[in-house]
Every structure is written in structure tokens, then in C-alpha cells.
Amino acid sequence: MAVTRQQDKATVPDRTPTSVRLAISATDDFSPGLKGFAERVRSLVVGLGITARRSVSRPVTLKYPAEKVELSPRWRGALRLTGVLGREDVALIEGPASDYNGLIDDLYRHDRLPPCVGNCPANVDARGQSFLLADDRAAEAYELVRARNILPGVLGRICHHPCESACKRTYYDEPIAIRPLHRVAFERYAEHRAERVAPLPVTREERIAIIGSGPSGLAAAFDLMHAGFEVHVYEKEHAAGGALLSGVPAYRLPRDVLATEIADLQTMGMKLLTGVRIGTDVPIDHLIGEYDAVLIAAGLQVSRMLPVPGSDAQGIWGALDFLKAGNWKGGCGVKGRRVLVIGGGNVAVDCARVALRCGAAQVTLSSLESMDELPAHPWEIEEALDEGVIAMCSYGPKEVLVENGRVAGMRLQSCLSVFDAQGRFAPVFAEEFTDVPADVIVFAIGQAPQLAELVSGSDLVLTERGLLPVDGALMTTQVPGVFACGEVVTGPGSAIASVASGHEAATSIIRYLDGRSLSEGRVYRPVPVYPRYQPATLTGVEPARRRTVMPMAKGADRARDFRQVELGFTHLEGLAEAARCLRCASEVCVGCTFCARTCPDYAITVERIDDPGHRSVTRYDLDLSKCCFCGLCAEQCPTGALRHTGQYELSFYHRDFAVFDRHEMVRSPEGSRATGADCRGCGDAR
Amino acid sequence: MAVSVESRNLVSAPDGGSREELVVNVGPSHPSTHGVGRVIVHLDGDIVVKAEPVIGYLHRGIEKMAENRTYLQVVPLTDRLDYVGSMYANWAYCRAVERLAGIAVPERAEYLRVIVCELQRIASHMMGIGASAADTGAFTFFIYAFDQRERIIELFERLCGARLTYNYVRPGGVSFDAPQGWTQDVLAFTKAFRAAAADLDRLFFGNVIARGRMKGIGVLSADDAVAWGASGPTARASGVNWDLRKHDPYSVYPRMDFDVVVGERGDAYDRGRCRLLECVESCRIIDQAISQMHPGPVRTEGLPRLLQPRPGEAYDHIESARGSLGVYLVSDGSVRPYRMHVRSPAFCNLALLPLLAEGHTLSDLVVVLGSLDPVFGEVDR
Amino acid sequence: MSAAASFGWGALYGLGASLVIAVAALFGVWAERKVAARIQMRYGPLEAGPFGLLQTLADTIKLVLKEDVTPNSADVPVFRIMPFLVFVPCAAALVVVPFAAGWTPFGIEAGALFFLAVPGMSVLGILLAGWSSRNTYASIGGVRAAAQMVSYELPRSLSVLALCLLAGSLDPGVIRAEWSWWWLPLMAIGFVVYFIASIAELNRGPFDLPEAESELVAGYFADYSGIRWAIFMMAEYGGLVAASLFGAGVFFGGGFGLPGPVGAVVFVALAVAMTICMVWAKWTFPRLRPDQLMSFAWKVLTPMALGQLALVGLVLPWL
């Protein structure tokens with residue numbers, strides 16, 4: 001109709017695109033005259049036809065009770081609390097190494113894997129650790145962690161703690177200090193060590209040789225000893241520990257901690273043969289013949305160097321040699337000299353800090369990446385800067401300035417960007433040079449394995465990059481009975497990742513020696529995806545709830561010697577920190593009160609006692625007459641203890657206060673008033 | 001407003017004499033007031049001389065309650081605004097929050113929002129035209145329409161665990177990703193719905209009695225539609241080509257190919273059929289959205305638990321089943337909104353009732369009321 | 001026949017008719033619910049008795065036990081009596097239904113007239129029921145009912161009158177006996193008029209304006225509850241059954257004039273089919289507006305009925 005078009009343009013002209021087509025008109029009329037009469041009669045007949053056709057079709061409604069109502073798994077029915085702190089224990093995640101992946105996978109599939117456990121490469125049960133520590137059962141906590149982590153005291157100091165990055169508590173305030181709690185467990189294990197560490201029975205005839213006593217080798221040894229095998233570990237240095245000993249500075253990892261934990265393994269039955277260089281002292285073929293299985297866990301031995309002009313001058317160090325010289329052999333000749341460290345990774349930061357401790361006059365860290373992109377962990381960088389390391393970011397090494405065959409400095413070139421749009425390594429440099437005077441230059445740009453000597457005389461073949469090719473998931477090499485794990489397989493990585501690969505290798509070896517197929521029915525570690533949380537705003541969060549701050553030695557003091565920087569928690573601090581754990585996915589309410597805080601209708605009240613050593617929920621009120629079934633509380637619940645039932649929201653006869661008090665909490669959860677769990681008529685799945 | 005409670009009223013007629021008016025209270029408890037609406041109808045014989053809508057029977061103070069809740073806690077409240085189309089209120093509110101706090105929404109979440117809101121449009125229109133048809137006695141049509149709505153509600157139940165108050169759209173995305181096989185079932189639904197819609201069209205909108213009841217009833221001119229702030233199918237049936245999905249495109253609607261349905265006469269029939277045909281367009285949008293959707297996150301990662309937007313204000317609106325639904329938010333920098341206001345299309349459309357109903361019979365009043373499709377949860381707020 | 005005997009027979013027939021209507025209403029309601037349910041893709045009553053057959057009985061027991069509410073402002077005696085005044089004429093209509101050729105339960109020669117006139121009296125009951133409730137909706141419903149039922153009496157009577165002309169008798173039994181197959185095409189228009197007018201006469205959809213739920217809540221019986229409400233419903237279903245039986249009897253000659261049990265079965269089947277068609281139409285179509293309803297009666301149905309009468313009048317001399 002003309003009027004409407006005109007109106008359309010007259011009143012709303014500015015935002016009506018002309019391209020909009022008026023394609024569909026809602027108006028429909030009967031034709032005039034006799035045809036219209038026929039259409040009218042036909043409309044009645046058509047209507048009767050439609051209803052008649054529908055009347056012979058199958059009814060779409062339910063025939064109660066012959067047809068059961070199926071509810072969506074996400075159904076937001078009435079709420080119920082499945083477990084209560086103080087009444088139910090948190091299930092520990094433990095099992096033999098060969099079945100552990102299956103356990104994790106099962107939990108993951110059922111959405112019951114805590115994010116900390118899922119995000120850890122070795123799936124250490126951090127939740128169980130917190131539970132046991134809060135319960136003052138430190139010895140059990142230590143042993144629980146050791147089952148997967150092998151060296152809780154060591155990793156409790158040096159781990160890059162992916163568990164904490166996934167900690168759900170970040171969403172509310174701050175993550176749990178899982179790594180320091182390993183250390184607490186280790187320290188408190190001292191009093192139990194004598195009685196609890198005992199030789200493991202050897203039940204199998206087969207013997208296994210492990211080359212290398214780094215984290216991966218020890219992890220494999222631990223699992224294999226538990227499976228009843230005799231394990232011999234060969235180490236080329238004079239003390240065990242591998243990279244932990246040579247690469248990790250003592251200010252992060254005191255030597256006695258490592259020694260204690262390795263001594264524990266030896267007490268359990270691990271035979272350690274130090275000072276034996278396989279390939280030179282003993283040919284690897286000899287081992288292959290002697291033992292039923294051989295595991296190569298030799299790690300990375302050499303630093304990669306940059307082929308820039310002058311890199312053969314005196315005063316150039318590779319990172320590994322520098323670290324080894326610095327913190328093991330005591331001093332590396334940098335006292336009073338200017339040190340330039342090239343690289344932005346954790347090893348580079350370690351080199352810089354070691355140089356400081358060895359008495360260098362000035363330590364400069366030069367990296368290609370900008371400050372925000374540095375691959376080193378932010379806390380490491382922060383600590384280094386705190387100690388006086390000078391950072392020169394976004395510079396690439398151009399050439400070494402050499403005077404009389406000695407290093408005099410380095411010419412650096414400004415770097416504009418390191419990665420291209422696809423995230424590939426493609427540095428772009430500006431024509432802008434800076435000369436940095438230095439007496440010692442340390443290249444900390446990566447490490448490589450040195451296996452040629454080790455494998456000589458065997459059928460093992462190396463890749464172009466010098467790595468040992470393995471079936472990544474099964475850890476097998478080309479030679480049957482020879483396995484590999486750790487950084488020889490994965491390339492440079494974290495200690496905990498090496499431990500994880502050690503566990504995998506041990507599983508393969510056990511299957512191999514049992515004569516089973518290596519892959520059949522084997523569950524690989526699931527790759528969980530957890531949301532990354534931005535740190536929560538801490539306004540309004542009482543200090544008692546926050547993360548315990550790790551006491552640190554003062555920057556100026558600590559930079560002078562190799563004493564440990566982190567001072568550790570006290571007993572009470574440890575208890576309090578462990579008690580902060582939300583016990584994600586444990587289905588046991590910890591009284592965190594996040595449901596009460598989230599409820600828009602103020603229908604939930606939680607009261608609890610929260611003293612170290614004595615924690616319990618004393619009262620849980622769920623006023624279902626206020627509940628609007630929005631589901632926010634159950635979504636927030638980290639433990640999964642508060643969940644919806646498969647019931648209809650109005651299926652209650654009494655929608656009154658549902659109060660759990662102390663007495664009711666001790667009772668069986670079945671049939672409690674809050675849930676109306678007696679009612680089974682409506683297809684309650686749980 | 002003076003509310004007459006006398007059932008018989010003697011009024012002076014323009015010709016100098018007087019006539020007796022019968023005052024009928026339609027509502028607030030009445031089968032065809034679509035909730036708890038109330039209309040005081042003055043009848044001269046069977047002719048409506050005056051119809052005064054009385055509102056407020058469902059006023060819960062949602063806008064005031066919002067001032068006392070955090071930004072996340074307000075979402076369940078918005079469910080209760082338009083309880084026939086909760087997704088819309090969720091979305092309009094979340095858009096306002098996102099604008100206020102500067103939150104970017106992942107693409108998949110936007111597609112899911114479009115899909116659920118178009119499904120919601122079908123569900124809401126099925127309710128609207130179904131109830132409107134039931135007002136004219138076509139109860140079976142109402143059941144058929146509700147059958148379609150029920151299928152959508154079951155899809156929603158699988159998606160978010162609730163059938164009516166979804167609490168699905170959240171600031172920064174949606175609460176859940178679609179479960180396994182859900183999108184296929186949605187496609188199967190849209191396919192089946194097209195056939196069902198043709199049936200519904202012939203059963204009711206083609207019926208001679210229905211046309212007799214609805215054609216020429218409650219004619220709204222395009223002038224009046226614009227002047228009274230009508231929106232949605234109510235305005236489009238009068239020929240006002242105004243659809244926010246086209247004219248103020250938001251979300252991923254610019255990527256969708258669909259047509260706006262407009263009427264020519266602006267009567268109750270056009271309003272009703274406009275809704276039905278819009279549902280078919282919604283099916284087109286849903287099909288396109290599903291084919292364009294890629295896997296990905298459905299919620300902005302790393303949103304803090306308590307949103308704390310900077311002080312300021314934001315307004316955003318979307319095309320709901322009833323018209324342009326807008327939410328205005330003011331933040332004072334705290335974790336709670338300082339003020340929330342909802343621009344409710346149902347409220348504006350309901351204001352047209354006196355204009356449209358006067359001069360018709362009492363039987364037509366319910367047809368007019370039904371064709372405006374008011375939802376009193378949104379009218380009263 | 002003495003007056004006392006006549007009264008006794010009348011009472012007996014009344015009782016019989018009431019029983020028949022009660023049973024018919026029980027199953028009528030069940031059938032309506034089942035048919036409506038199937039049309040709406042539901043199951044309908046399932047639980048009480050086989051196929052939910054006893055559902056109506058259970059409902060009736062509930063209704064009997066419910067409180068019999070009388071509104072404060074109601075005209076109490078009238079309000080209380082009116083359900084019966086609606087029910088009795090509907091029950092009375094059954095006594096002139098030709099259950100067999102030449103036989104009606106209450107043999108009166110002007111049976112057709114009785115059938116058309118007596119149920120028409122229930123309009124008085126409906127009008128007064130609405131009026132005595134002192135409720136705006138009920139009053140409007142009552143007035144609508146009066147206008148509607150009076151209007152539709154005419155086409156309905158005219159359509160039956162054409163039959164009477166053909167049979168040469170006002171006795172439904174005789175009409176049934178006289179029936180022959182060629183009446184079917186001849187009386188087609190008359191049957192359509194009779195069918196539509198019967199629906200309107202019974203205030204059933206699409207002509208259920210007096211009780212239009214969406215406009216008038218429940219119309220004239222809005223304020224009735226319990227057993228009195230049930231009696232209104234029984235009257236409606238009784239009327240439905242009577243109209244179907246009578247229609248099958250006179251328009252189809254019972255079971256197409258078939259003799260014996262076969263005829264009886266076909267007769268009942270026809271009546272059931274007509275009942276189902278009425279239910280079918282109710283659950284398919286929207287409701288008319290009052291003015292449309294009146295103009296349909298006066299401008300469409302009445303001329304059609306008159307045309308039928310004229311047609312019969314034209315062919316009559318050749319018979």
C-alpha cells in the first residue's frame with residue numbers, strides 16, 4: 001500500500017538501507033466472486049483435513065508412566081550437596097604407573113579431573129596433596145606426590161608449576177601454592193624417612209639398565225622398581241642428578257635435597273653406577289646384551305652456539321658449561337668481570353644469576369624478544385632484575401668484538417619483531433647497532449644432545465639434529481629392548497615433562513618385558529583444555545584467604561652467594577596454604593562459600609570452621625523457597641559437590657528451608673530433605 | 001488513572017441524551033489477557049467505547065533489584081522479564097554489559113546467540129499466534145503451535161538445562177557450548193518446522209472464519225505505528241519496514257541472508273501472519289548460522305568473576321520477538337549496576353490497545369489484544 | 001389413558017431418558033476428549049479404566065463431591081433451579097427419537113414438532129442462568145445464547161419440515177419408516193442445514209459464543225460449580241446425542257432403512273459418526289463473532305433451508 005511505503009521513508013529515513021527488499025508480505029486475501037467462495041469452502045475442508053491427518057499420527061505427548069521422561073544432563077533441577085567437608089574424604093588419585101593414564105583419562109571423561117592434575121605433565125595429584133597436608137598427614141602427602149613426581153623436594157623448588165597456572169582458585173583470588181607445598185611435604189617427611197623408606201622387593205628376574213640419572217631416568221627407575229625389577233642406573237658424572245645437578249644452580253636447589261631424594265631411591269633398591277661413560281667406558285651393545293631392557297635418558301649435554309663472527313674467541317661460554325663450572329665446580333672465573341648473557345630463556349636467567357653469585361661486576365642479559373615476550377618464566381625474570389641483572393631486550397647478537405683473541409664486547413642489533421603473523425620465528429632487525437663491552441659472553445640459546453659417542457657400535461641411528469628418533473608415545477627406538485625418554489626425545493623441556501616421559505617409558509618397558517603389545521589398550525595421557533584465568537581483583541578478599549607469600553631472601557643479600565633464595569613455609573603456613581585448596585571436582589563441599597556469594601537470591605548460607613588441622617562445614621542452608629534455579633551456584637562450585645538433581649523444580653512438597661546442620665551432615669546423604677532424594681518417580685539419574 | 005469499578009455507568013451522549021454503559025473488567029484473572037493484564041472495557045451494547053489497559057499486576061521491581069546485584073547475578077533476573085523469550089532479555093542485557101565493560105565476544109558465542117535467539121523467536125511467535133488463535137476459539141491451532149514451541153524448548157533444555165528461564169547468554173559469551181549432535185537436531189527441527197508452518201498457515205490463517213475474525217480488526221496505520229513507538233511485528237504489519245537486525249545490524253546478522261516480513265493493512269490478521277512468516281525467515285537464519293559456525297571458545301577467556309566496568313553508561317538494543325528491546329545501564333565503577341532500565345517493546349505495543357480496540361465489539365477486543373502479543377512480565381518489569 | 005397413568009409413564013420415560021443421557025454424556029465426554037486429544041496429537045484419558053473410559057465417571061464423582069457455590073449477589077432460587085430447566089428439555093428430546101421404524105419411545109404424532117420445540121425451551125434456562133448469576137460475563141453469555149438459539153431454531157425447523165413434507169407426517173417414527181434412498185440427494189442441503197444449526201443450537205464450537213472461554217470466561221455458567229455445572233455439561237452432551245440420533249433417524253432412515261439388528265448397528269454408527277463430526281469441527285475451526293453468527297443464520301442458513309423446502313415442494317406433486 002502506497003501510504004505505508006511513504007510513511008516508511010518519511011519517518012525513518014536515516015537508517016533504512018535502500019537495499020532492503022520488501023520481499024515478503026503478510027497480507028493474503030481470498031479472490032473475489034465465485035472463485036473466492038470456492039476458496040472459502042476449500043479452506044474449511046483443508047482445515048478438517050489437517051486435523052484429521054494429525055489425529056491419525058502418533059501422539060507427541062508422553063504416556064505416563066509407560067514412557068519415561070528423559071531429562072537433559074544439564075537439567076537445572078533442585079540442588080543437592082553430595083559430599084561435605086569433614087564427613088567425606090577426598091578421593092586420592094593413585095594407582096600403578098602402568099594404569100595411571102587410564103585413571104586420569106577416566107576422570108577427565110567424567111569431568112572429575114582437577115585442573116591442577118590435568119595441567120601437570122606427570123598428573124601429580126596436587127589436590128590429594130593439599131587434602132593430606134591440610135589433614136596434617138604430611139608423610140602420606142609426600143608419598144602420594146612422589147608416586148608421580150619422584151623428587152617432590154627437588155621439583156618443589158624448581159618446577160615451573162603448570163598446576164598453579166590452571167588452579168581454579170585464580171578465578172576467585174590467587175592460586176594455591178602447590179609447588180611450595182611439595183617442599184613443605186619434603187621437609188616434614190624428614191622425620192618419617194627412616195621408618196618409611198624401605199627396600200622394594202625384587203620380584204622379577206629381568207634387569208634393566210638406565211643411562212642417565214636425570215629426572216626422566218629416575219622416574220623410570222622408580223616405576224620399574226615398584227614393578228619389581230632390578231634397576232641399574234649409569235651416570236657419567238660422579239654424582240647422580242643429571243641436569244638437576246649440573247644445570248640447576250644451588251640457590252634454587254640445595255644439593256643436599258637432591259642427594260637425600262636420590263639416596264631414598266637407592267634405599268629402595270636402585271643401583272647407581274656413577275662415573276661410567278657409556279660408549280666410551282662401556283659400549284652400549286654390551287648393555288643391550290647384558291640387560292633385558294635399556295633405557296636411554298641421557299639428556300642434553302651441549303650448548304648450542306651462534307655462528308657469529310668471533311664466536312671462537314677466548315671468554316665465550318656455552319650455557320651448560322658455564323652453569324656446571326659456576327655452581328658445581330665452584331667458580332667460573334668471572335669474579336670482577338663484566339658478563340653478557342645472550343638468550344631469554346630460563347637457562348639464560350640462571351646463567352645471569354649464577355654469574356652474579358660468582359662475583360661478576362656487571363651482568364647483562366640480552367634477548368631477541370621484548371620484555372613481554374621473554375620465554376623465561378616471569379617470576380624468574382623478576383627475581384633476576386631484583387638481584388641486579390641488567391636486561392637488554394629486543395637485541396640480536398651481530399658479532400663478537402675481539403681484542404687480542406679475547407672477548408672485548410659484543411655488537412648488538414636492534415630487533416623489531418621476533419615472530420611473524422603466523423607466530424613463526426622470523427626476526428626482523430633494524431639497522432641500528434649497539435656495542436656492549438663484556439669480558440665474558442655466555443650463549444644460552446638452547447641445548448642439544450650429544451649421543452654419537454653413546455650409540456656408537458650399536459644399531460641405533462640418530463637424526464640430523466642429533467636426536468634419537470623414537471615413537472613419541474611409546475618411547476621405543478629402532479632396536480627392540482632399547483627405549484629412550486627425557487630430553488633426548490622431547491628436546492629441551494621442563495623437569496616435570498621429563499619426569500612424565502620417564503613414566504611413559506617405564507610403562508612401555510613393563511609391557512615389553514611382560515610380552516604384551518606396547519600400544520594395545522593403552523591409554524595415552526589426555527590433553528585437557530582448561531580455561532586460563534586472569535588474576536582476580538583482590539579487593540574485598542580478606543588476607544586470610546589469599547595465597548601465602550613465599551618468604552624470600554633480600555635481593556641484595558642473596559645475589560652474593562649460593563644460599564637458597566626461597567626460604568620456605570613454616571608448618572602453620574603450610575597447613576593454612578593447603579587448606580586453601582578448593583578440592584576441585586572432588587564432589588566434597590569445602591565450604592568455600594562461592595555458591596553463597598554468587599546466588600542472586602541469597603538462598604544459600606554456609607558456615608564453617610577453618611582452622612589449620614580442623615576444618616569442617618558446620619552449617620549449610622539452602623532455602624529452596626528462594627531458589628530461582630538459575631544454576632549459577634552449581635556452575636561456580638569448584639568441587640562439584642553442589643549439583644542439580646534430575647528432578648523438576650516444583651517436585652517438592654515442601655519447598656522450605658533445607659538446612660544441613662552438624663547432625664544431618666553425619667547422616668547418609670540419601671533421602672535428605674534438601675534433595676527430596678526419596679522421589680524416584682521422575683527419572684532422577686543420580 | 002481513575003479506575004471505574006461500577007459495572008453500569010450512565011454517561012451523557014453527544015446528542016444531549018444519556019446512555020447506559022456496561023463496564024466489564026477483563027482481567028487481571030481472565031483467560032485471554034496473556035498473563036495478568038487487565039483491561040477495563042466500557043461497552044455500549046456490544047461495542048467497545050473505551051478500553052483502558054491497567055498494568056502493574058506483575059511488577060516485581062526488576063530494574064530496582066538489578067541495582068543490588070552483581071552484573072552476573074542480574075542475568076537470571078532478565079530471564080523473568082519476557083518469560084516467553086528469555087534469551088532476548090539475556091542478550092540485550094549482556095550486550096549492554098559488554099558495551100559498558102568493553103568485552104569482546106568470541107565468534108562462536110555470537111553464532112550460538114543468534115541461533116538460540118532465532119529459535120526463541122519461533123518459540124515466542126508460536127506462543128503469540130497460538131494464544132491469539134486460542135482467543136478466537138482455535139484451540140487445536142494453539143496446541144499445534146505449542147507442539148513446535150515444545151520442540152524448541154527441548155532443544156534449549158539440552159543446551160542449557162532449563163526450559164523457560166535459560167540464563168544462557170552471559171556477559172562475554174554463553175554459558176555452555178552446544179552439546180554433541182545439537183546442531184544437527186536444530187537443522188532437523190528447522191526442516192520439519194517449515195512443513196509445519198505451511199500447515200499452520202493453511203489451518204488458521206487460510207481459514208475463512210479466522211480471516212473473518214481478524215481481517216480489518218484493530219487497523220494500525222503506519223503513521224500511528226511510528227508515532228506510538230510500536231516495533232517488531234506490530235509495526236511491520238502496518239508496513240513500517242523496521243527491523244533492527246537489518247537497520248542497526250548487530251552480532252553476526254550482517255552475514256545472514258533473510259527478508260523482512262511486512263504487512264500491508266496493519267490489521268490483526270497481518271500482525272499474526274507476519275509473525276508466522278517471520279518464523280520461516282528465522283529458520284533460514286538458523287540454517288545459515290549453523291553452516292557458518294566454527295568450533296571455538298564460547299566465552300571470553302579470563303573474565304574476572306566480578307565485573308567492574310568503569311563509570312559510564314551504555315545502551316544497546318536487539319530485535320526481540322516483540323520489537324526493539326533495549327537495556328540501558330549506568331555504572332558507577334562498582335561491581336553492581338548503578339541503574340538499569342529496560343526499553344520494553346511489549347509495553348509500547350500494549351499502549352496501542354485503546355487506539356485499536358475502540359469501535360470494535362467485545363469479541364474483537366481479545367483478538368486485538370492477542371495480536372499485540374503482550375507479555376506482562378516485560379510490560380510491568 | 002388416565003392422568004395418573006400418563007404421569008407415571010412420563011416419569012418412567014423421564015427417568016429412562018435421564019439414564020440414557022447420563023450414560024451418553026459419560027461416553028460423550030470421553031469420546032470428545034479422546035477425539036480432541038487425537039486431533040491435538042495427545043493420548044487423552046488413559047488411566048481410569050480401559051482406554052480411560054471411566055475418566056468421566058471419576059470426574060463426575062469429583063464434581064458431585066465439590067462444594068456447590070452460590071454467589072452472594074445471585075438470585076438464589078433461580079440460580080439453583082436453572083441447570084435443571086436446561087437439562088429437562090434436552091432429556092425430553094430423547095423420547096421422540098425414532099429408535100426403530102415407526103416407533104418412538106413416547107409416541108406422539110407431532111413428534112418432530114416436539115423435538116424441535118421442547119429443547120428450544122432450554123434457552124430460557126440458559127438466559128436465566130446467566131442473568132441470575134449477577135455476573136457481567138454470565139449475563140452477556142446468556143443474552144448471546146438467547147439470540148443465537150432463537151435464530152438457529154428457524155433453519156433447523158425448516159430443514160426438518162422439508163422431511164415432514166416428504167414423509168407426510170410429523171411423527172419421526174413414520175418419517176423413518178417412509179424413508180427411501182433417493183431422499184439422500186434430495187435432502188442433502190437440508191441435512192447440512194440441520195447439522196450446522198444443531199451445532200449452533202447446542203452452543204458448540206465454532207458457534208460456542210455463549211460460553212466463549214477467551215471472551216466470557218465460561219459464559220452463562222461462569223459462576224456454577226460442582227454438580228450444577230455438571231448438569232449443564234450433561235445437558236450439552238445429551239443434546240448432542242439427541243441431535244445425532246434424531247438426525248440419523250430421520251435423514252438417513254435409521255440405518256438407511258435396513259431392517260433388524262443390521263439397521264440398528266448402522267443407525268448407532270451413523271449417530272456416532274455425526275457426533276464425532278461435530279467434535280471434529282469444534283476442534284478444527286475458530287469461533288465466529290456474534291454478528292457474523294447472526295448474519296450466517298439469517299443470510300445463509302435460513303435461505304438454504306427455505307430453498308430446500310421449495311425443492312421438496314417442487315418434487316412433491318410427482319411422488
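A nonpolar core, as I use the term today, is a set of buried Ala, Val, Leu, Ile, Met, Phe, Trp, Tyr and Cys residues joined through C-beta atoms within 7 Å. The model is a predicted one, so please hear everything that follows as computed from a prediction.

With that definition, the largest nonpolar core has 370 residues. The residues with the most contacts inside this core are A:Ile210, A:Ala221 and A:Leu295. Take A:Ala221. Leaving aside neighbours within four places in sequence, A:Ala221 is in contact with A:Ile210, A:Val231, A:Val233, A:Leu265 and A:Met270. There is also a second, separate core of 40 residues, and A:Val334, A:Ala352, A:Phe443 and A:Ala444 are among its members. As general background, nonpolar side chains tend to be buried together in soluble globular proteins.

Now chain A as a whole. Chain A has 25 helices and 21 strands. Of its 686 residues, 45% count as buried. If we take the contacts in chain A with a separation of 6 or more, 73% of them are between residues 24 or more positions apart.

I will go through two sheets in chain A. In the first, five strands make an open sheet with parallel pairing, in the order 5-4-3-6-17. Its edges are strand 5, residues 271–274, and strand 17, residues 482–484, each of which pairs on one side only. From one strand to the next, the twist averages 20°.

Inside that sheet, strand 3, residues 207–211, runs parallel to strand 4, residues 230–235, and five bridges join the two. At this pairing A:Arg207 stands opposite A:Glu230 of strand 4. Helix 11 of chain A, residues 215–226, packs on the sheet and touches strand 3, strand 4 and strand 6, the last being residues 293–296. The direction of helix 11 makes about 165° with that of strand 4.

The second sheet is also open and has five strands with parallel pairing, in the order 8-15-9-10-11 of chain A. Here the edge strands are strand 8, residues 316–318, and strand 11, residues 390–392. The twist in this sheet averages 25° from one strand to the next.

Start at the edge. Strand 8 pairs with strand 15 in the parallel sense over three bridges, and A:Trp317 has A:Val442 of strand 15 as its bridge partner. Strand 15, residues 440–443, is in turn joined to strand 9 by four bridges, again parallel. There the bridge partner of A:Val339 is A:Val440.

Why is strand 9 of chain A described as largely enclosed by the rest of the structure? Strand 9 covers residues 338–342, and four of those five residues are buried, so the description follows from the count. On to strand 10, residues 362–366: strand 9 and strand 10 pair in the parallel sense over five bridges, with A:Arg338 opposite A:Gln362. Between these two strands the chain passes through helix 16, residues 346–357, and the β-α-β crossover is right-handed. Helix 16 lies across strand 9, strand 10 and strand 15, and runs at about 175° to strand 10.

Next, chain B. In helix 6, residues 182–205, the buried residues include B:Val186, B:Phe189, B:Phe193, B:Ala197 and B:Leu200. What covers the buried residues of this helix? The cover includes helix 2 of chain A, residues 33–56, together with helix 4, helix 5, helix 7 and helix 11 of chain B.

One single residue in chain B: B:Leu307 sits in the loop between helix 11, residues 268–292, and strand 8, residues 312–319. B:Leu307 counts as buried because it has 21 C-beta neighbours inside 10 Å, where the cut-off is 20 or more. Beyond four places in sequence, the contacts of B:Leu307 are B:Tyr71, B:Leu72, B:Val97, B:Ala101, B:Pro171 and B:Val335. For B:Leu307 and B:Val335, 28 residues apart in sequence, the C-alpha to C-alpha distance is 5.9 Å.

Finally, chain C. C:Val300 is in helix 14, residues 290–315. With 13 other C-beta atoms within 10 Å, C:Val300 is partly exposed. C:Val300 and C:Pro155 lie 145 residues apart along the chain, and their C-alpha atoms are separated by 9.4 Å. As for how chain C meets chain A, 10 residues of chain A are in contact with 10 residues of chain C. On the chain A side, those residues divide into three nonpolar, five polar and two charged.

Technical notes. Residues are numbered from 1 along each chain as its sequence is written. Chains are lettered from A and ligands numbered from 1 in the order in which they are written. This is a predicted model: local features need pLDDT of at least 70, side-chain atom pairs count only at pLDDT 80 or more; totals for chains, interfaces and linings use all residues. Two residues are in contact if their C-beta atoms, placed from the backbone, lie within 7 Å. Ala, Val, Leu, Ile, Met, Phe, Trp, Tyr, Cys and Pro count as nonpolar, Asp, Glu, Lys and Arg as charged, and the others, Gly among them, as polar. A residue is buried if 20 or more other C-beta atoms lie within 10 Å of its own, exposed if 12 or fewer, and partly exposed in between; C-beta atoms are placed from the backbone. Two strands pair if DSSP finds at least two bridges between them. Axes are lines fitted to C-alpha atoms, for helices over the stretch in contact, and angles run from 0 to 180 degrees between N-to-C directions. A crossover is right-handed if, with the strands pointing away from the viewer, the path from the first strand over the helix to the second runs clockwise.
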